Amino acid sequence: MNEEPRMSADELMGRLSPSLSPWRRVLGAVPLVSGLVGAAFVGLLWATEPGPLPGRTQAAFAVFLAFCLAWACYGGWAVTRRAPLFALDRVIAGWLALAASTVMTVVTVTAAVQRGTGLLLAAGIGAAFVAVSAVVTVRAHVRRAALLRRRRELTREEE
């Protein structure tokens, strides 16, 4: 009935989440390079500021530098992986985006409250960023769960 050759579970799993192709490695290098460039830029900007900076400004520089370094670490990890990831890279990127958008929202809303203007705009834009990041993270978790469930089903069939 079926003319197609039967593939083993390993072959099917390889098709579900293949090893990183050269194109995927290039795409993984984007967060690596942008994170390193962003960290270098923020670090140099912070180091060359004339005079002492207020504590909140120093904290903002430190948080932005930490996010840049987190993206660089994520990009380095994604580029060096050779085994199937089963969408783990998407889950990590989603959580990084959710953390960054949440911190950005808190900082902008705090700044708007202190200035007494633009609170509604800051809260609305921040909520939109957080909502999109949350949707991306949930979708990544759902995709990873489906891939892992399929892998379990395939390995059970092999036995």
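## Exercises on helices 4 and 5

At 32% relative accessibility, E153 is partly exposed in this predicted model.

**Exercise 1.** Find which residue's side chain meets that of E153 in a salt bridge, and state how far apart the two residues are in helix 5.

Solution. Step one: side chains of opposite charge can pair when their charged atoms come close. Step two: the salt bridge of E153 is with R150, at 3.2 Å from N to O, and the cut-off for such a pair is 4 Å. Step three: E153 and R150 are three residues apart in helix 5, so about one helical turn separates them. Step four: R150 counts as partly exposed, with 33% relative accessibility. The count of salt bridges comes to one.

**Exercise 2.** Which arginines gather in a patch of positive charge on the surface?

Solution. Step one: the patch is made up of R149, R151, R152 and R156. Step two: R152 belongs to helix 5, residues 119-158. Step three: the relative accessible area of R152 is 44%, so R152 is partly exposed; patch residues need over 30%.

**Exercise 3.** Compare the span of helix 4 with the expected value, then list its buried residues and describe what follows the helix.

Solution. Step one: helix 4 covers residues 88-115, which is 28 residues. Step two: from first to last C-alpha it reaches 41 Å, close to the 40 Å expected at 1.5 Å a residue. Step three: the buried residues of helix 4 are D89, V91, A93, G94, L96, L98, S101, T105 and A112. Step four: G116 follows helix 4 and has a positive phi, near 80°.

How values were computed. Residues numbered from 1 in each chain as written. Predicted model: local features only at pLDDT ≥ 70, side-chain atom pairs only at ≥ 80, totals over all residues. Heavy atoms only, no water. Patch = residues over 30% accessible without salt bridge, like charges linked within 9 Å, V, L, I, M, F, W, Y side chains within 5 Å. Areas by Shrake-Rupley, 256 points an atom, 1.4 Å probe, with all protein chains shown as cover. Lys, Arg positive; Asp, Glu negative; His and termini not counted. Charge placed at Lys NZ, Arg CZ, Asp CG, Glu CD. Helix = DSSP H or I, 4+ residues; strand = E, 2+ residues; numbered from the N terminus. Buried < 20%, exposed > 50% of the residue type's maximum accessible area, 1.4 Å probe, protein only. Expected span 1.5 Å × (residues − 1).
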